[in-house]
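This report describes how the strands and two of the helices are arranged in the model shown below. The reader is invited to follow each element in the 3D view.

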Amino acid sequence: MQVKKLAVLISGGGSNLQALIDAIESGEISAKIEMVISNREKAYGLTRAEQNNIPTYYLGIKNYPDSDERAQALNALLASHHIDYVVLAGYLSILKSETIRQYEGRIVNIHPSLIPKYCGEGFYGHHVHEAVLANGESESGATTHFVDEGVDTGKIIYQERVPVLADDTAETLSERVLTVEHQLIVQTVRDLCSGSI
Ligand code: GRF
C-alpha cells in the first residue's frame with residue numbers, strides 16, 4: 001500500500017508533531033510527513049521539523065496578510081504535494097471552507113478536552129484547563145475528531161480521560177492531558193493511514 005502523505009499544521013511547541021515523528025520512526029505509523037506548516041514564524045515545532053529533515057513552511061500574517069490569499073497558498077501547497085491527510089496538531093488558526101471541502105474527511109484535529117465540553121471559540125491551550133478547574137470538574141482529557149466547518153464540531157474519533165486532582169493547576173492538568181494527547185494523535189493517524197477509521 002502506498003505510504004500516506006501527511007501535512008502537519010502547528011502553531012506552537014510541536015510536542016504532538018514530535019509524537020507523530022517518533023511513531024513514524026518506530027514504524028508504528030506507516031506514513032510520511034511531507035511538510036510542516038505553521039501560522040507562527042517562531043513556532044518551536046518548525047525547529048523539530050527541521051531537525052528531522054521535514055520541509056517547513058510559514059504561512060502567516062507576515063507573508064500572507066490577507067486570509068483568503070493565505071488559504072489559497074495553503075491549498076496550493078497541499079495540492080502540489082498530493083497530501084493524503086492533514087493533521088492539525090496545536091494549530092490555532094481556523095481553516096477556510098475551501099480547504100475543508102477539498103479535504104473532506106481527511107483533516108483531523110487534537111483538542112485538549114472531552115468534547116463537547118470546553119471546546120469551540122476561545123477554548124484553546126490553558127483557557128481550556130482553567131475553565132475545567134473553575135468548574136470543579138473531576139475529570140478532563142483529550143479528543144481527536146474530523147474537522148468540519150465548525151470549531152471543534154466534527155465527528156469524534158477517539159477520546160481519553162484523565163483525572164483532575166485537588167491540587168491541580170492549569171499547568172499540571174495540561175501536562176497530564178498532553179500525555180494522552182500524544183497517545184491519541186498517534187493512534188488516530190495510525191488508524192487513519194491504515195484505513196481502519
Ligand atoms: C496542546 O494542548 C494541543 O491540544 C493544543 O495545542 C497545545 C500545544 O500542543 N491544540 P503542541 O505541543 O504544540 O503539540
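In this predicted model, seven strands form an open sheet with mixed pairing, in the order S3-S2-S1-S4-S5-S6-S7. The edges are taken by strand S3 (56-58) and strand S7 (156-163), each of which has a single partner strand, so one side of each lacks a neighbour in the sheet. From one strand to the next, the twist averages 20 degrees.

At one of these edges, S3 pairs with strand S2 (residues 31-38) in the parallel sense, over three bridges. Within this region, Ile37 stands opposite Tyr57 in S3.

Helix H1 (residues 15-25) lies across four strands, S1, S2, S4 and S5, and runs at about 160 degrees to S2. The strands crossed by H1 include the following.

| Strand | Residues |
|---|---|
| S1 | 4-10 |
| S4 | 85-88 |
| S5 | 107-111 |

H1 also packs against helix H6 (residues 170-194): their axes come within 9 Å and cross at roughly 50 degrees. An angle of that kind falls outside the ranges for roughly parallel (under 35 degrees), roughly perpendicular (65 to 115) and roughly antiparallel (over 145); H1 and H6 are therefore oblique to each other. Their crossing is right-handed.

Which residues of H1 and H6 meet? On the H1 side they are Ser15, Asn16, Ala19, Leu20 and Ala23, and on the H6 side Leu178, Glu181, His182, Ile185, Val186 and Val189. By class, this contact of H1 with H6 comprises seven nonpolar, three polar and one charged residues.

Key:
Residues are numbered from 1 along each chain as its sequence is written. This is a predicted model: local features need pLDDT of at least 70, side-chain atom pairs count only at pLDDT 80 or more; totals for chains, interfaces and linings use all residues. Side-chain values use heavy atoms; hydrogens and water are left out. Axes are lines fitted to C-alpha atoms, for helices over the stretch in contact, and angles run from 0 to 180 degrees between N-to-C directions. Helices (H or I, at least four residues) and strands (E, at least two) are DSSP runs, numbered from the N terminus. A crossing is left-handed if the near helix is turned anticlockwise from the far one by less than a right angle, and right-handed if clockwise. Contact means heavy atoms within 4.5 Å. Ala, Val, Leu, Ile, Met, Phe, Trp, Tyr, Cys and Pro count as nonpolar, Asp, Glu, Lys and Arg as charged, and the others, Gly among them, as polar. Two strands pair if DSSP finds at least two bridges between them.
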